[in-house]
Amino acid sequence: MSLAFDLALCAFILGAAALAVAGRNLFGSVVFYIVYGVLIALAWLSLGAVDVALAEAAIGAGVTGVLLIGAWQGMKEAGALEDSQAPPWPVRLWAALGAALTGGLVITAIIALPGQDGLTRTVADEQGALALGNPVTAVLLGFRAYDTLLETLVLSAALAAVWSLSPERVWGGIPGPKHVSRPDGVMASFGRLLPPLGLLVGVYLVWAGADQPGGAFQAGTVLAAVWILIVLSGLRDEPRVSSLPLRAVIIAGPAVFLGAGLAGALAGQALGYPPGYARTAILIIEYALTVSIAATLALLIAGPARRLS
Amino acid sequence: MSPGELLITALLALGVFFYAAGTVGLIRFPDTHSRLHALTKADNLGLGFIVLAAGLHWGDAWIAGKLALIWLLALFAAGMAAQLVARAALKPEPRE
């Protein structure tokens, strides 16, 4: 894309970031954070990183935005917005120092990457061994599978943390408020119209992910959005947090991933794949992960249990 | 500039005009419902013109079809969001 476009985009990104951090109004900050996520997705697109752009738009802007708005709503209901004051100077100074240090480390790491196009060539040379067309999937589930495994475990751990905030009298109950909508209303119609389409897009994203942009995280987010829409339109209710099938779905992805890693370890290489079966193993892991990520994200947004029926 | 390029430029300009009109409405209009009207109607028209321009620019029926589908989905989403926001905005002062 043209230089003028990239420069304008950079200016917008810096502007949105500044407004998100410096804003006095918390809700305004959340909105600018979402705008920032959308702009960053455009930047990744401009760099030709379609996979990252998809993930950033879906998770960075979408899911995180919804979570932040939910947190804002919770703070408002608890009356915590009125007496929230800007943190004292020492806190801000330490935060700025920490951010500067992290930024400096990231810049150093990027500059230290070998060659002009980083590890692109190395990945392209080795990618054939996994029989995958998409270099990003090859890195995420092959060469750096360890990182991805930990990421999925972090998601499950986060959900466990959210659930542990449930009050005792509704322990193991149903998360989120009960949504009712008029059967012929706008919300219910939309809840019937969009899910089939979202399902198609989600399945396509994970199916295409092996050879084209897409993958478990992007597909999982779309599927989570489909479920949230169905719940919002009152067509189905959230499951009980204590439901055994639900918990099985949530740990299915990480369990399959860990199983594959252990099997590799027994065969001599942890998280390694047997020659000739790498693609099959990676596809099975991707599909299992998609279902688990979808369920985990949807339930993270639903929050802790709030009622018994 | 070829006639085709001229047409694409004109369509883009029209699209930008409607986006600008929608944004002016969002800033200038006094209440939520008028603002919604500006945002969801003018902007969708603007998106339609830009989608038309992009489709002509690519000159590929497959891509143009995908763009048209995206526009249709944006229309559905904007229409629904407008209805929901409008109803939520009614709650503090019920008029019906």
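How many residues does the contact take from chain A and from chain B? I checked that before anything else: four residues from chain A and four residues from chain B, with contact meaning that the C-beta atoms of two residues, placed from the backbone, lie within 7 Å. On the side of chain A that touches chain B, I count four nonpolar residues, no polar and no charged. My classes: Ala, Val, Leu, Ile, Met, Phe, Trp, Tyr, Cys and Pro are nonpolar, Asp, Glu, Lys and Arg are charged, and the others, Gly among them, are polar.

Note to self on the model: it is predicted, so local features need pLDDT of at least 70 and side-chain atom pairs count only at pLDDT 80 or more, while totals for chains, interfaces and linings use all residues. Residues are numbered from 1 along each chain as its sequence is written, and chains are lettered from A and ligands numbered from 1 in the order in which they are written.

**Chain A, overall**

I went through the secondary structure and got 11 helices and two strands for chain A. Helices (H or I, at least four residues) and strands (E, at least two) are DSSP runs, numbered from the N terminus. The order from the N terminus is α-α-α-α-α-α-α-β-α-α-α-α-β.

Then I looked at the spread. Chain A has a radius of gyration of 21 Å, which agrees with the value near 19 Å for a compact globule of 309 residues. That radius is taken over C-alpha atoms, and the globule rule is 2.2 Å times the number of residues to the power 0.38. The box filled by the C-alpha atoms of chain A is roughly 55 × 50 × 40 Å along the principal axes.

Buried residues come to 30% of the 309 in chain A. I call a residue buried if 20 or more other C-beta atoms lie within 10 Å of its own, exposed if 12 or fewer, and partly exposed in between, with C-beta atoms placed from the backbone. Of the chain A contacts between residues at least 6 apart in sequence, 74% join residues at least 24 apart.

**Helix 7 of chain A**

I picked helix 7 (residues 145–163) and ran along its 19 residues: 27 Å from first C-alpha to last, close to the 27 Å expected at 1.5 Å a residue. The expected span is 1.5 Å times one less than the number of residues.

Which residues of this helix are buried? I find A:A145, A:T148, A:L149, A:T152, A:L155, A:L159 and A:V162. Down the axis of helix 7 they fall within an arc of 155 degrees, so they line one face; the arc is that of the directions from the helix axis to the C-beta atoms. The cover over them includes helix 6 (135–143), helix 10 (244–266) and helix 11 (278–302) of chain A. On the face turned away from the buried side sit exposed residues, including A:Y146, A:D147 and A:L150.

**Two spots in chain A**

A:G191 is in helix 8 (residues 186–208). A:G191 is buried, with 22 other C-beta atoms within 10 Å. Beyond its neighbours within four places in sequence, A:G191 contacts A:L229, A:I230, A:L232, A:S233 and A:L235. I also noted 8.3 Å between the C-alpha atoms of A:G191 and A:G234, which are 43 residues apart along the chain.

A:A131 caught my eye for a positive phi, near 60 degrees, in a residue other than glycine. A:A131 belongs to the loop between helix 5 (120–126) and helix 6, and is partly exposed, with 16 other C-beta atoms within 10 Å.

**Chain B**

Chain B has three helices and zero strands. The radius of gyration of chain B is 16 Å, well over the 12 Å from the globule rule for 96 residues, so this chain is more spread out than a compact globule. Its C-alpha trace spans about 55 × 25 × 15 Å along the principal axes, and 15% of the 96 residues count as buried.

I pulled the UniProt record (unreviewed entry): "transmembrane region" is placed at residues 6–30 and 69–90 of chain B, though such annotations may be inferred rather than shown by experiment. In the model, residues 6–30 are 92% helix, with end C-alpha atoms 37 Å apart. Residues 69–90 are 100% helix, with 32 Å between the end C-alpha atoms.

Helix 2 (residues 32–58) of chain B has buried residues including B:L36, B:T40 and B:D43. Among what covers the buried residues of helix 2 are helix 1 (3–28) and helix 3 (61–90) of chain B.
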